[in-house]
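Work through the exercises below with the sequence and the model at hand. Each task is followed by a solution in steps.

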Amino acid sequence: MDRLECMDAFVRAAELGSFSAAGDALQMSSQLVGKQVLRLEQHLGVQLLNRTTRRQSLTDFGRVFYERAKMILAEVEAAEGMAAETRAIPTGRLRINAPVSFGMRTLAPRLPEYMQEYPEVSVELTLSNRAVDLVEEGYDVVFRVGELADSGLIARPLNPYQLAACASPDYLKRHAPPKIPSDLVQHECLGFSHTDLRTQWTFDGPEGRVVVPITSRFMADHGEPLLCAALAGLGIILQPLEIVQDSLKEGRLVSVLPGYSVPSRPLHVLYAPDRRVTPKLRSFLDFSIRVFGRRTT
């Protein structure tokens with residue numbers, strides 16, 4: 001029995017909630033995951049998971065063992081990282097988290113370049129608009145949009161996130177286009193539920209910065225549903241330029257409030273200060289700064 005492999009299978013099953021999900025993450029069958037967990041239980045002589053036909057949960061001992069096993073696996077990975085650092089060749093699994101729209105439209109198209117440059121690195125990318133806990137959830141790096149809380153993480157600034165306000169020609173035929181930001185109170189605005197864009201939009205113009213309260217009949221936690229709603233003529237969208245730029249070029253969306261600009265939002269790549277900067281982490285940080293770093297004119 002390979003105890004580390006069995007521990008890894010158990011930890012993944014505990015974190016992901018099923019043998020099937022753990023098998024997908026470990027690239028093995030759910031049956032093999034179950035066998036490895038069973039072997040570990042037999043080796044320990046203690047049950048780690050309560051199993052029913054519908055769900056599984058940790059036993060009291062399983063919860064304690066899970067925390068210790070996770071620490072052991074992290075130490076093993078750190079030791080392997082030290083060996084990799086000695087070889088100075090980026091290698092191993094790199095876990096990345098990014099906001100959905102940035103991840104889909106900006107990061108994912110460029111990741112193949114990184115993987116071709118560093119063929120010994122495998123990448124696990126998850127997309128979420130919630131603020132994940134980098135340390136607790138085991139990520140190597142996370143991308144975050146917006147002002148940063150004092151999390152203790154090391155943040156590298158990237159090119160600021162540009163936003164644009166626009167609507168479909170059909171919507172603007174049925175509603176007089178807004179001339180000043182305060183006109184938006186008379187319009188249907190499509191709200192993004194994960195930030196202050198849920199309740200207010202900010203513009204810079206001749207009179208300075210203006211903050212306008214907005215109301216939304218349709219609200220979503222991803223930019224893509226908001227784009228669909230805007231294209232269908234449901235209202236005005238305020239989202240990153242990368243989401244709407246193709247529709248603007250094709251004329252399916254039209255910019256509104258052309259005399260005003262939307263303040264850009266900061267974008268950072270973050271990592272833990274106490275995490276060893278292994279070659280894989282260093283290589284990805286360098287890649288991110290090179291590809292997504294602040295542009296100079």
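**Exercise 1. A salt bridge**

With which residue does R12 form a salt bridge, and how far apart are the closest N and O atoms?

Solution. The model is a predicted one.
- Step 1: The partner of R12 is E124, and their closest N and O atoms are 3.9 Å apart. The cut-off for a salt bridge is 4 Å, so this pair falls within it.
- Step 2: Place both residues. R12 belongs to helix α1 (residues 3–16) and E124 to strand β4, so the pair ties together parts that are 112 residues apart in sequence.
- Step 3: Put the pair in context. The whole structure holds 14 salt bridges.

**Exercise 2. The sheet that contains β4**

Work out the strand order of this sheet, its edges and the helix that packs on it.

Solution.
- Step 1: Five strands make up an open sheet with mixed pairing, and their order is β4-β3-β5-β14-β6.
- Step 2: The edge strands are β4 (121–127) and β6 (154–157); each has a single partner strand, so one side of each is left without a neighbour in the sheet.
- Step 3: On average, neighbouring strands here are turned by 25 degrees against each other, direction ignored.
- Step 4: Look at the β6 edge. Its antiparallel pairing with β14 (residues 267–271) rests on four bridges. R156 has V269 of β14 as its bridge partner.
- Step 5: Add the helix. α5 (residues 100–117) packs on the sheet and touches β3 (92–98), β4, β5 (141–145) and β14. The direction of α5 makes about 175 degrees with that of β4.

**Exercise 3. The other five-stranded order**

Do the same for the sheet with the order β11-β8-β12-β7-β13.

Solution.
- Step 1: This sheet is also open, with mixed pairing among its five strands.
- Step 2: β11 (219–220) and β13 (254–255) each have a single partner strand and stand at the edges, so one side of each is left without a neighbour in the sheet.
- Step 3: Within the sheet, β8 (residues 189–192) pairs with β12 in the parallel sense over two bridges. One bridge partner to locate is I236 in β12, which faces C189 as its partner.
- Step 4: Two helices can now be placed. α7 (residues 223–231) touches β8, β11 and β12, and its direction makes about 175 degrees with that of β8. α8 (residues 241–249) touches β7 (163–167), β12 and β13, at about 120 degrees to the direction of β12.

**Exercise 4. A pocket**

Which elements each supply at least two residues of the lining of the second largest pocket?

Solution.
- Step 1: The elements are β3, α5, β5 and β12 (236–240). β5 gives the most, with four residues.
- Step 2: The lining has 29 residues, and P99, N129, R144, V145 and T195 lie nearest the centre of the pocket.
- Step 3: By type, the lining divides into 16 nonpolar, nine polar and four charged residues.
- Step 4: The space in this pocket is about 480 Å³.

Note on methods: Residues numbered from 1 in each chain as written. Predicted model: local features only at pLDDT ≥ 70, side-chain atom pairs only at ≥ 80, totals over all residues. Heavy atoms only, no water. Pairing = 2+ DSSP bridges. Axes fitted to C-alpha atoms, helices over the stretch in contact; angles between N-to-C directions. Contact = heavy atoms within 4.5 Å. 1 Å grid on protein atoms, 1.4 Å probe; cavity = no way out; pocket = protein on both sides within 12 Å on 5 of 7 lines; lining within 4 Å. Points joined across faces, edges and corners; volume = space filled by probe spheres on them. Nonpolar A, V, L, I, M, F, W, Y, C, P; charged D, E, K, R; others polar. Salt bridge = Lys/Arg side-chain N within 4 Å of Asp/Glu carboxyl O.
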